[in-house]
Amino acid sequence: MRPGRVPATRRAIRRQVRPTLRGALFLGVGLAVFITAWAYDIRDLLFLGSVLLLMPLLSLGYVLVHPLRVAVARTFRPGTVSAGLPVTVAVQVRNLASVSLPGLRWRDLAAGGITVPAVQPLPVLGPARRGRGPGSDTASVSYQVRPLRRGVYAVGPLMLGRADPFGLAYSEWPAGAPHDLTVTPTVCPLPGSGVSITRGEGSRHERLRHLNNDSDELIAREYRPGDPMRRVNWPATARHGEIMIRQEEQRSHPEARMVLDTGRGGRAEGREHDAEFERAVELTASIAVHLIDAGFRLDVVELGPSQLAPGRSRAASTLVPRDPDVGRRGGLHGDDPVSFTGPEGALALVDALAQITPQDHVAHPDGENGAGDARRNAAAFGRQIPTFAVLIDLDDADAAALAALRGLCQPAVAFVFDTLRGTVLERLAEAGWQCVPVTAATPVDAAWARVGQDRAEAR
């Protein structure tokens with residue numbers, strides 16, 4: 001199963017009609033009897049063989065021309081689940097026909113990576129009631145699944161089956177529509193509050209946030225003609241020996257930046273199945289949630305074409321709005337970073353990371369040297385903020401862009417997988433990036449702890 005984009009399939013699933021084991025025996029014995037009777041001209045056996053052949057055929061016709069009329073509702077508890085955790089699938093089946101439906105059997109369909117239970121009996125559905133509340137015409141079933149990999153999985157439609165009264169034929173009908181189950185990457189709790197790593201402005205705002213969550217920072221300035229006297233800051237006036245005025249400085253969230261390598265570099269095309277990319281997404285999700293929970297506003301930059309915010313690109317608001325590559329260049333070459341803040345932002349980011357996959361780059365305007373693009377985008381990246389990059393296999397253009405943007409990253413931490421080329425790693429280290437080596441087997445919390453250890457040793 002390809003993690004990421006596995007939307008609920010809407011392809012037509014035809015009903016299945018087949019003889020049961022009993023019906024197949026009837027057909028086999030009936031055919032043998034009929035051939036023997038025909039060969040030896042035994043009319044009594046000919047009649048018996050015809051009956052044995054006709055009964056399964058009539059049963060097939062019975063289950064074929066009596067379709068089911070039901071409504072199916074499916075819910076997931078919880079609605080979104082992390083990879084490796086169980087989720088309950090609850091299915092409610094309601095009879096819409098005026099006759100009861102006994103003896104039904106059910107099974108659910110699901111995309112690869114989801115294991116659903118085998119065929120099971122469904123409680124008897126009574127005749128449809130006019131009231132809206134559930135009653136004898138409604139049956140509810142549930143089961144648990146445990147998806148091991150992130151992605152969006154199609155669950156459904158529900159297959160309902162029944163046999164004829166003699167048990168000679170069996171038919172299945174698809175009922176209801178498939179639904180998407182979103183499985184997010186695993187988010188590992190990280191120690192600390194993010195301040196010990198980011199320091200600088202982030203720590204100043206973090207201290208203010210803990211001291212007073214709802215107030216603005218207060219500063220004092222000299223009195224100017226026309227200032228209202230009610231804004232005199234008397235303690236500051238006493239300290240300075242001149243009239244000082246209270247001035248409120250609006251406090252914003254501290255900022256941080258995450259860079260995720262989603263562009264295919266020089267490795268094989270099927271890298272979306274690699275364990276390195278899955279661990280990179282888990283590492284990004286864990287650090288991002290950690291920073292957002294600490295009060296940071298987080299900008300997420302994708303090195304491949306934009307997936308977190310499809311269609312949004314910095315180029316769309318410049319002088320070239322008709323650029324066909326809008327949203328496809330990657331975050332270091334024209335695409336906008338996407339900002340997340342607060343609990344809702346953390347949830348939105350993790351949900352979006354459930355579907356992210358490696359993407360092919362379009363050609364960079366600077367050929368193999370992406371530094372020109374990076375310099376043009378430096379002003380759009382804003383001021384110097386803490387930056388964490390998760391890198392798997394950079395091409396030369398992205399390596400040049402990251403090296404050129406080092407001045408806007410403080411600290412500049414790069415989690416580099418062992419799939420990264422040595423020349424690219426040397427280029428980043430020479431530019432001043434703190435390169436933290438990781439592998440597909442490195443625990444997320446261990447990688448995060450290594451950042452603090454390396455910084456402590458560097459002092």
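In strand 16, alanine 389 is the bridge partner of valine 259. This pairing belongs to a predicted model, in which local features need pLDDT of at least 70, side-chain atom pairs count only at pLDDT 80 or more, and totals for chains, interfaces and linings use all residues. Residues are numbered from 1 along each chain as its sequence is written, and side-chain values use heavy atoms, with hydrogens and water left out. Helices (H or I, at least four residues) and strands (E, at least two) are DSSP runs, numbered from the N terminus.

Strand 13 and strand 16 pair in the parallel sense over 4 bridges; two strands count as paired if DSSP finds at least two bridges between them. On to strand 17, strand 16 runs parallel and is joined by 6 bridges, and there alanine 389 stands opposite alanine 414. Strand 16 (residues 385–391) has 7 of its 7 residues buried, so it is largely enclosed by the rest of the structure. Buried means under 20% relative accessible area, exposed over 50%, and partly exposed in between, with a 1.4 Å probe and protein chains only.

These strands are part of an open sheet of 6 strands with mixed pairing, in the order 15-14-13-16-17-18. Its edge strands are strand 15 (338–340) and strand 18 (434–438), each of which pairs on one side only. On average, neighbouring strands of this sheet are turned by 20° against each other, direction ignored. Axes here are lines fitted to C-alpha atoms, for helices over the stretch in contact, and angles run from 0 to 180 degrees between N-to-C directions. At one edge, strand 17 (residues 409–417) pairs with strand 18 in the parallel sense over 5 bridges, and valine 413 stands opposite glutamine 434 in strand 18.

At the other edge, strand 15 contains valine 338, which is buried with a relative accessible area of 7%. Valine 338 and glutamate 302 are 36 residues apart in sequence and 9.0 Å apart in space, C-alpha to C-alpha. Helix 7 (residues 342–353) lies across strand 13 (255–260), strand 14 (297–302) and strand 15, at about 135° to strand 15.

Helix 7 also packs with helix 6 (residues 275–293), at an angle of about 175° and with the axes 10 Å apart. That makes helix 6 roughly antiparallel to helix 7, a term for angles over 145 degrees, while those under 35 count as roughly parallel, 65 to 115 as roughly perpendicular and the rest as oblique. The contact (heavy atoms within 4.5 Å) includes Val281, Ala285 and Ile292 of helix 6 and Gly342, Ala346 and Leu353 of helix 7.

A second open sheet has 3 strands in the order 2-4-7, with antiparallel pairing. Strand 2 (70–77) and strand 7 (138–145) each have a single partner strand, so one side of each is left without a neighbour in the sheet. Strand 2 and strand 4 (residues 87–95) pair over 8 bridges in the antiparallel sense, and the bridge partner of valine 72 in strand 4 is valine 93.

Towards the N terminus, helix 1 (residues 21–40) has 20 residues. Gly23, Gly30, Val33 and Ala37 are buried in helix 1. The buried residues of helix 1 pack against strand 1 (16–19) and helix 2 (43–64). The face turned away from the buried side carries the exposed residues Leu21, Leu25, Ile35 and Ala39. Just after helix 1, aspartate 41 takes a positive phi of about 55°.

Methods: The expected span of a helix is 1.5 Å times one less than its number of residues.
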